[in-house]
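The exercises below ask you to read strands, sheets and helix packing from a model. Work through each task with the structure open beside you, and then compare your steps with the solution.

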Amino acid sequence: MERFNVEIHYVKRAKRATVRLMPNSVVRVTVPHGIDEAEVKKMLQTKSKWIFEKQRILESVRNERKIEYVSGEALPFYGKELRLKVLEGYGSVVEKDNYVIVPVPKGEDEREAYVKAAVIKWYKSQAIEKVEDRVAHYCGLLGVLPNSISIKNYKSRWGACSSKGDLIFNWQIITFNKKLFDYVIAHEICHLKEMNHSKRFYQLLGRLGFHKGDIHPQIRYLRNLF
């Protein structure tokens, strides 16, 4: 496993060995006491193909860069890449010909802050529209209705479902590709029927076209861009 740094954690309560990929090519192995290092290495060798495949997936979706608010900047948007165009003028932000066009009033002192606020406002308006559309789609498939739908600027989660049936989504999921976006929506909708991650929950998720382990490793390493 020379491409990875292996961390072995011995945990008394662990019933079996588990392998988890972490940032910076770290493989974290949690094992019960009594398993020696040679046995752990043997296990990693047998799982090497799986580890390399998961690492390839994670590298393809990792998005650690931050947005710069200047003309020409790439803006990820629902599976495609738009370009930011900053112009002098007045009016609302518009999307046209794969550009997000932001008019900035002449003489604006805080230009970057103005552009950032305008871009985020535009993203949020697009996010709630797309969220409501996909929620309606997946709710129709499961025959459920949420109490409410809203977006929020979560720091460390992509979505939530309250015990009252309120669906809340991080507006930044609009920067995801379509499959990851829909996974977040479908995941929270399944919680309208199952407020846990039981076998029944994953059966519901499967009915919506997603399966345990297919998407979750990718979601884990995505970060807010704004």
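Two strands are said to pair if DSSP finds at least two bridges between them. Keep in mind throughout that this is a predicted model. The chain has 6 helices and 10 strands, and 44% of its 226 residues count as buried.

**Exercise 1.** Determine how strand β5 is joined to β7, and in which direction the two strands run.

*Solution.* Begin with the bridges: 6 of them join β5 to strand β7, which covers residues 99–104, and the two strands run parallel. As a check on a single pair, look for Lys 85, whose bridge partner in β7 is Ile 101. Next turn to strand β4 (residues 74–77), which 4 bridges join to β5 (residues 80–88), this time with the strands running antiparallel. Here Phe 77 stands opposite Lys 80 in β5. Finally, examine the connection, where β4 and β5 form a hairpin with 2 residues between them, and where Tyr 78 in the turn has a positive phi of about 50°.

**Exercise 2.** Work out the strand order of the sheet that contains β8, β9 and β10, and say which strands lie at its edges.

*Solution.* First establish the order, which is β8-β10-β9 in an open sheet of 3 strands with mixed pairing. The edge strands are β8 (148–152) and β9 (159–161), since each of them pairs on one side only. Neighbouring strands of this sheet are turned against each other by 15° on average, if direction is ignored.

Then take the two pairings in turn. Strands β8 and β10 (residues 166–170) run parallel and are joined by 5 bridges, with Ile 151 standing opposite Phe 169 in β10. Strands β9 and β10, in contrast, run antiparallel and are joined by 3 bridges, with Ala 160 opposite Ile 168 in β10. These two strands, β9 and β10, also form a hairpin with 4 residues between them, and Gly 165 in its turn has a positive phi of about 90°.

**Exercise 3.** Decide whether strand β10 is largely enclosed or open, and explain why.

*Solution.* Count the residues of β10 that are buried: 5 of the 5 are, so the strand is largely enclosed by the rest of the structure. Now sort the side chains by direction, and you will find that Asp 166, Ile 168 and Asn 170 point one way from β10 while Leu 167 and Phe 169 point the other way. To see which helices lie across the sheet, note that α3 (residues 111–142) lies across β8 and β10, running at about 145° to β8, and that α4 (residues 178–190) lies across β9 and β10, running at about 155° to β10.

**Exercise 4.** Describe how helices α4 and α5 are arranged, and name the residues that make their contact.

*Solution.* Two packed helices are described by the angle and the distance between their axes. The axes of α4 and α5 come within 9 Å and cross at roughly 135°. Angles over 145 degrees would count as roughly antiparallel and those from 65 to 115 as roughly perpendicular, and α4 and α5 are therefore oblique to each other. The crossing of α4 past α5 is right-handed. Tyr 183, Ala 186, His 187 and Cys 190 of α4 make the contact with Phe 201, Leu 204 and Leu 205 of α5, and these residues divide into 6 nonpolar, 1 polar and no charged.

Methods
Residues are numbered from 1 along each chain as its sequence is written. This is a predicted model: local features need pLDDT of at least 70, side-chain atom pairs count only at pLDDT 80 or more; totals for chains, interfaces and linings use all residues. Side-chain values use heavy atoms; hydrogens and water are left out. Axes are lines fitted to C-alpha atoms, for helices over the stretch in contact, and angles run from 0 to 180 degrees between N-to-C directions. Contact means heavy atoms within 4.5 Å. Angles under 35 degrees count as roughly parallel, over 145 as roughly antiparallel, 65 to 115 as roughly perpendicular and the rest as oblique. A crossing is left-handed if the near helix is turned anticlockwise from the far one by less than a right angle, and right-handed if clockwise. Ala, Val, Leu, Ile, Met, Phe, Trp, Tyr, Cys and Pro count as nonpolar, Asp, Glu, Lys and Arg as charged, and the others, Gly among them, as polar. Buried means under 20% relative accessible area, exposed over 50%, partly exposed in between (1.4 Å probe, protein chains only).
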